[in-house]
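Trainee: I would like a close look at a single part of this structure. Please take one buried residue and work outward from there.

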Amino acid sequence: MRPVQVLRSAIRTVPNFPKPGIQFKDITPILSDIDLLKLAVEQLALPFKEKRITKVIGVESRGFIMAPMIALELGASFIPVRKEGKLPRQTRSVSYDLEYGSATVEMHIDSVCSNDRILIHDDVLATGGTAAAVEELIERSGGKIIGLSFLIELSELNGRAKLKHKDKACSVVMV
């Protein structure tokens, strides 16, 4: 079986979680198996191996799980992007609309410099709102977005359409 098929078969769909109508994609079977975890990290890093990435941005909260491992694989630093009010020092923030309200993401103001080559990572690309907000956050900080990586892409939600750098986005598993 190809790596993508192996990973796809490990992802569980949990119906009606966290609320009715949502088909939650559970990645814990991948996380709990060292061989699957290694495979996932390798596949997430592979398209960016020769891109001289200097920082991997991980998006709260499930993006925090693999982003540091991808950073290590690429010889880069890890930078967290968090929900509003979770970081202790001065931050830069971007607010964006959700289907059910709005949200704000933040990172420390000194996390990204103009010479940084950035890979943005999150576990799932769904509607694209969070990823698009992180793109804006990085651009406001002066970093160069080299790519975006997602373990899972829910293609029926067309989240790529919201991304400025959609041509640089890579997903391991399309669901």
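Mentor: In this predicted model, I70 touches V41, L44, A45, V56, L119, H121 and S149, leaving aside residues up to four places away in sequence. I70 also belongs to the largest nonpolar core, which has 30 residues. Those with the most contacts inside this core are I30, V56, I70, L74 and L151. The elements that give two or more residues to the core are α1 (3-10), α3, α4, β7, β8 and β9 (169-174). Of these, α3 gives the most, with seven residues. In soluble globular proteins, nonpolar side chains tend to be buried together. Another core lies apart from this one; it has 23 residues, among them V59, A132, I145 and A169.

Now the helix that carries I70. Helix α4 covers residues 63-74, twelve in number. At 1.5 Å a residue the helix should span 16 Å, and its end C-alpha atoms are 16 Å apart, so the two values agree. The buried residues in α4 are G63, M66, A67, I70, A71 and L74. These residues cover an arc of only 150° around the axis, which means that they sit on the same side of α4. An α-helix has 3.6 residues a turn, so residues three or four places apart point the same way. The cover over the buried residues of α4 includes α2 (28-31), α3 (34-45), β3 (55-59), β4 (77-83), β7 (117-125) and β8 (144-153). Just after α4 comes G75, with a positive phi of about 70°. Ahead of the helix, in the loop between β3 and α4, lies S61. The peptide bond from E60 to S61 is cis, with omega near -5°.

A second helix can be read in a similar way. Helix α5 (residues 129-141) has 13 residues and reaches 19 Å from its first C-alpha to its last, close to the 18 Å expected at 1.5 Å a residue. Its buried residues are G129, A131, A132, A133, V134, E135, L137, I138 and S141. One of them, A132, is among the residues of the 23-residue core. Elements that cover the buried residues of α5 include β3, β4, β5 (91-98), β6, β7 and β8. Just after α5, G142 takes a positive phi of about 95°.

Strand β3 covers buried residues of α4 and also of α5. K55, in strand β3, has a charged partner: its side chain meets that of D116 in a salt bridge, with 2.9 Å from N to O. The pair links distant parts of the chain, since D116 lies in the loop between β6 (101-108) and β7, 61 residues from K55. Both K55 and D116 are buried. Side chains of opposite charge can pair when their charged atoms come close.

The count of salt bridges comes to nine. Another of them joins D26 and R12, at 3.7 Å from N to O. Here too distant parts of the chain are linked: D26 is in strand β2 (residues 23-26) and R12 in strand β1 (residues 12-15), 14 residues apart. D26 has a relative accessible area of 11%, under the 20% limit, so D26 counts as buried. A further salt bridge is formed by the side chains of R160 and E153, at 2.9 Å from N to O. The two partners fall into separate classes of exposure. R160 has a relative accessible area of 22% and is partly exposed, whereas E153, at 4%, counts as buried.

That leaves some details of the backbone in the loops. A cis peptide bond joins F17 and P18, with omega of about 5°, and P18 lies in the loop between β1 and β2. R52 is not a glycine, yet R52 has a positive phi of about 55°. R52 is placed in the loop between α3 and β3. With 59% relative accessibility, R52 counts as exposed. N158, also not a glycine, has a positive phi of about 55°. The place of N158 is the loop between β8 and β9.

To return to the starting point: I70 is one of the buried residues of α4, and I70 is listed with those that have the most contacts inside the largest nonpolar core.

Conventions: Residues numbered from 1 in each chain as written. Predicted model: local features only at pLDDT ≥ 70, side-chain atom pairs only at ≥ 80, totals over all residues. Heavy atoms only, no water. Helix = DSSP H or I, 4+ residues; strand = E, 2+ residues; numbered from the N terminus. Expected span 1.5 Å × (residues − 1). Buried < 20%, exposed > 50% of the residue type's maximum accessible area, 1.4 Å probe, protein only. Arc of directions from axis to C-beta. Contact = heavy atoms within 4.5 Å. Salt bridge = Lys/Arg side-chain N within 4 Å of Asp/Glu carboxyl O. Core = buried A, V, L, I, M, F, W, Y, C linked by side-chain atoms within 4.5 Å.
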